[in-house]
Number of protein chains: 4
Amino acid sequence: MTTSDSLRVGIVGVGMMGSDHARRVASRISGARLVAVSDPDRPRAEELASGYDGVSVHDDATGLIGSDAVDAVILASPGSAHEEQLLACIEHGKPTLCEKPLTMDGDSSLRVIRAERESGRSLIQVGFMRRFDPEYAELKRLLAAGALGRLLLVHNTHRNKAVPSPEFRSEIIVRDSLVHEVDVARFLFGEEIEEITVLRPAPTSLAHEGVADPQVAIFRMSGGGIVTTEVFVNCQTGYEVRCEAVGERGTVTAGLSQTGLYTTRANLDGDAGWWGGPVAPDFTVRFGRAYDLEVQAWADAARTGTVTGPTAWDGYASTAVCSAGVESLQSGQPVKVTLADREVLS
Amino acid sequence: MTTSDSLRVGIVGVGMMGSDHARRVASRISGARLVAVSDPDRPRAEELASGYDGVSVHDDATGLIGSDAVDAVILASPGSAHEEQLLACIEHGKPTLCEKPLTMDGDSSLRVIRAERESGRSLIQVGFMRRFDPEYAELKRLLAAGALGRLLLVHNTHRNKAVPSPEFRSEIIVRDSLVHEVDVARFLFGEEIEEITVLRPAPTSLAHEGVADPQVAIFRMSGGGIVTTEVFVNCQTGYEVRCEAVGERGTVTAGLSQTGLYTTRANLDGDAGWWGGPVAPDFTVRFGRAYDLEVQAWADAARTGTVTGPTAWDGYASTAVCSAGVESLQSGQPVKVTLADREVLS
Amino acid sequence: MTTSDSLRVGIVGVGMMGSDHARRVASRISGARLVAVSDPDRPRAEELASGYDGVSVHDDATGLIGSDAVDAVILASPGSAHEEQLLACIEHGKPTLCEKPLTMDGDSSLRVIRAERESGRSLIQVGFMRRFDPEYAELKRLLAAGALGRLLLVHNTHRNKAVPSPEFRSEIIVRDSLVHEVDVARFLFGEEIEEITVLRPAPTSLAHEGVADPQVAIFRMSGGGIVTTEVFVNCQTGYEVRCEAVGERGTVTAGLSQTGLYTTRANLDGDAGWWGGPVAPDFTVRFGRAYDLEVQAWADAARTGTVTGPTAWDGYASTAVCSAGVESLQSGQPVKVTLADREVLS
Amino acid sequence: MTTSDSLRVGIVGVGMMGSDHARRVASRISGARLVAVSDPDRPRAEELASGYDGVSVHDDATGLIGSDAVDAVILASPGSAHEEQLLACIEHGKPTLCEKPLTMDGDSSLRVIRAERESGRSLIQVGFMRRFDPEYAELKRLLAAGALGRLLLVHNTHRNKAVPSPEFRSEIIVRDSLVHEVDVARFLFGEEIEEITVLRPAPTSLAHEGVADPQVAIFRMSGGGIVTTEVFVNCQTGYEVRCEAVGERGTVTAGLSQTGLYTTRANLDGDAGWWGGPVAPDFTVRFGRAYDLEVQAWADAARTGTVTGPTAWDGYASTAVCSAGVESLQSGQPVKVTLADREVLS
């Protein structure tokens, strides 16, 4: 493939995330086009395909991944299907963007990592989109530039307006929400997390009965740095994600300005006028641009036959930290994180 | 009087402004105490006096000003009474804080200025409280420190939530609201205003019929600097006063942070959460501290028998600019400001 | 062309703006690819083409515009060449993105507008990228939504760190910088500008001798609204562009948060630590995203054979306002803007 | 004493804090005057007294406290002298403002609390000035007003530019810095702290060898709420104190706007212009107003023979939490806080 040809992308799984990626590839990504989809719910796949020109529907993920008409694959299927699909992508040498989680446990993740290593190519990028958010990327750049000195602490805030409570249990808050701060901490420090504590404050009365919300997590990094994170998925106000990095000679905060617009409004709260603006309602508003940049970077690399960005190891390590976090949430105690030896992995 | 004695303050006029000053002197000013009041509405003066220990009620301003039991005077009477009262204060050598306007026209103001000069002492401070606001004072200090280079432009915003419209005619907006920016411009540039233009945009439908609101004023300073000001006294949101000074090498803005608190709130506007906070409802909230600092500085100086702060000349010049502004508001043309020769005044 | 084919874009003129658009079309725009360039400086065109796959170099603009291998054209040539090139684009039915100015004077602009009308299709989009900036677009959306009531005033700030002074004369500041606020005012009010005044404050000592910098412009809209604008192209701090819209029941400000990151830094200014962040150095940083969105929207429309966004009329009207502005800058007086009758134009 | 007489204040201890209070009482507090001082370093006391009119110097604290010429006492002596001095103040019925710590251990604090109770009057106010800071007070008011729902979490930041390291050991950071957040947590929640953990991240290289700086503290409140606090006393940037309270339906943050002024500056960091402003250099700038309001409120109450504001119990409880915090800092484990039974104390 010459770089003037566009990348032919197939998407496995067309639920909320997969259909969002379909729209993105079809309308906002340079040098890529959507050519194939598959989903166990075939009518859903057909309906999506009918909205675009020239998109074929495959009976199953295996067929799509193996197709000569597909250059690269986005996996937006359930995590339980990932191991088999990732191994197929590696076997066929297809650059892949895999939504988190990489797989459902450590052993399967390690099998994927080994297979990728044996293939001799970087093929798996995990969907931690925050690394592509302009503010997080700039924060990382400023730390790397050195003017703030060594990184000492990170304080995160992660709030959702509300979640469908019955399904979104306490453990899911760790695995689906906190996992982003797990990756952010590893990304900013460039180190592994050695220990995690997840505390349960007295819960909000606005979460479903029995759900530990909010939660406060503390990570201890391998170099001794500490990360504090508030996760609060029923905060009522909107989607607020902030990250303050504290270095030896200064700090940087991402996510402080909720929106670029500053407004004043009459009589918003009883008789009082207000300054400010609306809180982003959800992650598609706050991180829509990050997803676009993530997929563009992935497509740019995929056209040369590889990937950049967060790796299968990042997916593996994040899952391991979250598993320890779930254990801590239950016991109330700090839990050590155990990772395979990265160097002698194979 | 040694400095350990407290300053005995008399207040002439106990309407909204005078009673506010009474409370201030009685409870928030160090080294001063309220001892006397007068008002044409004697029952109003008596009611106020009854709220404090040891405050006498005088039949008229002259008696209060001449009383041996009064060290210093605050004039909160109507502007039409000021000339006679100010001349009495000067005659009795009483340090005076005179609420704006100094007097009702240029000739009377010049008579006051001449009398004060002949007395050989600074005795008249005019109540332009913004000079004492911590932000305006710091802005002035930064400009004076020189790091921003020469001052080139000033942009002001002056908004009130609403005013009692029938009485608050277009000309009053110039004389009572814009007058503050007139003083601010003279204060920051350290120059006189040479020309003023007051434009009438299409008015808001929320002002009284026929009132020119908002207004946009342009001042040309004697050194060539330009000042733009929006005055909007029925803006509906609250009291917003901002001032951006533009120097050759940087800018400073006062009044940008509406309040020190940053909040997020659920469901404030329909379903959307909001970040921000309430706009100050009125000048007592925004400039309450400035009034306290103004009166404290005045009392500190008065205990030594003099005044500092904005002078009778500042009061005279501001009135002259506003008179030209009213003329411009009517004609739509720029109007030159004519001032007496300050040096050969007497 | 079906929508699944990518739009084949030719660029006329590969100076700073043209080469920037080349990079954009080649790497950041979905559904479009760069296929042809032309430039009077042919080696410059060849060098640019050599950086991409499959880009042909044409001897002249006419050849590129007429080529069957080119679906749509971006004009980044000097304004003096625009009339002839635009007429060629219309003749060949090619959707065109024309960088400002549309043409060099009113008569030539009207000829282009008439030709486009006679073609029966919208084919000319003028490069006012601010309308595509997320903040300006959201500001417009909020005004249109009505919660702020009727628009009364707009206050703009437009600052550049520095410009190559000898070439960037006083008139150029009006035609190249202020022209953006001219379009913003027309866009936000949805009205024409009836009168413009451009004031010359005492200039900064850091501009080239004789250049009127800063400038303060006042527009009177056809509905009576007023717009104030500071243009300051040697402000030393960086690229600061702000726009505050004042409605009857509230305000909206774009461009207030200079960057999403909030930092604190040790010892930045002598011994003092600082909060804040760097000012955007230039328009490519502040409006890079706006250019991307502008070209994406243009390409999306061009694939269906037309354009949306600012029209040839917008280009014509803006030029007419700037011409009046240059006259005002010289005379110091308000100057009426004369436009052709839009309805009976042909 | 009628309320028109001014309160005669004596100050015990005229080091940095005591001389600051002397200046405050003498020049910024209404209805109070400085009449007496004492200090073991008598020449220091005499030098201070000589700067004011009518201030007598006492040989010792006992003499000052017992003097008929002293109505109320400010204790700015070392904590080790407090028990005896506080008991004397209670014996003589003098309203007292006692700088923290109340005393050096729990038993002595309880003796003071019992003596005060037996006296039948509130006489001891402890110097937690943050409760009087306008932002913290407004934050408390907003929580009490109920619109944010129940308080769930508090996140504090407490940074000093630098401290004299050899003397400012790890434990002192807990006892002198973190103690403020201990009081803030108790104040905002209206509950006691049940458990404290103080973590030691890898330290900054800019603190003295062996000092645990920064520290991260976690409090568990009696009602189940959680408080996280970063204390970093060698952060290099300046004095940054923030507090974010997270309720069920919204949040409030104090201390976010570092200063009311927003500036842009040329070339502050190499070639880049900056927006922002200087960080407050120390607590006298950030909390100077809070101290003034604290002492004014104390003096207003003392003129009626009592005190309001933080009590001896608040001083006792804070000390107990800090002692547990020091233990946690050493062990790395959560430590329970043991308090006397408040109800059956005597």
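**Exercise 1.** Which residue in β2(C) stands opposite Gly10(C)?

*Solution.* The model is a predicted one. Begin with the strands: β1 of chain C covers residues 7–12, and β2 of chain C covers residues 32–38. These two strands run parallel and are joined by six bridges. Within β2(C), the residue opposite Gly10(C) is Ala36(C).

**Exercise 2.** Determine the strand order of the open sheet in chain C and state which strands stand at its edges.

*Solution.* The sheet of chain C has six strands with parallel pairing, and reading across gives β3-β2-β1-β4-β5-β6. The edges are β3 (56–58) and β6 (124–126) of chain C. Each of these has a single partner strand, so one side of each lacks a neighbour in the sheet. From one strand to the next, the twist averages 25°. A helix also belongs to this picture: α4 of chain C, residues 82–91, packs on the sheet. Helix α4 touches β1, β4 (72–75), β5 (96–98) and β6 of chain C, and its direction makes about 165° with that of β5(C).

**Exercise 3.** Describe the fold of chain A in outline: what are its secondary structure, its dimensions and its burial?

*Solution.* First, count the elements: chain A has nine helices and 15 strands. Next, compare its radius of gyration, 21 Å, with the 20 Å that the globule rule gives for 346 residues; the two are close, so chain A is as compact as a globular protein of that length. Along the principal axes, the C-alpha atoms of chain A fill a box of roughly 60 × 55 × 45 Å. As for burial, 58% of the 346 residues of chain A count as buried. Finally, consider contacts in chain A with a separation of 6 or more: 69% of them involve residues 24 or more positions apart.

**Exercise 4.** What rotation superposes chain A on chain C, and how many residues does each chain bring to their contact?

*Solution.* Chain A is superposed on chain C by a rotation of 180° with 0.0 Å of shift along the axis, at an RMSD of 0.0 Å. The two copies are therefore related as by a two-fold rotation axis. In chain A, the C-alpha nearest this axis is that of Ser30(A), at 2.1 Å. Both copies use the same surface, since 100% of the contact residues of chain A recur in chain C.

Turning to the contact, 28 residues come from chain A and 28 residues from chain C. On the side of chain A that touches chain C, the elements giving two or more residues are α6 (134–145), β12 (250–254) and β13 (262–269) of chain A. The residues of that side divide into eight nonpolar, 14 polar and six charged.

Methods
Residues numbered from 1 in each chain as written. Chains lettered and ligands numbered in written order. Predicted model: local features only at pLDDT ≥ 70, side-chain atom pairs only at ≥ 80, totals over all residues. Least-squares fit on C-alpha atoms with pLDDT ≥ 70 in both. Contact = placed C-beta atoms within 7 Å. Helix = DSSP H or I, 4+ residues; strand = E, 2+ residues; numbered from the N terminus. Rg over C-alpha atoms; globule rule 2.2 N^0.38 Å. Buried ≥ 20, exposed ≤ 12 C-beta atoms within 10 Å, placed from the backbone. Pairing = 2+ DSSP bridges. Axes fitted to C-alpha atoms, helices over the stretch in contact; angles between N-to-C directions. Nonpolar A, V, L, I, M, F, W, Y, C, P; charged D, E, K, R; others polar.
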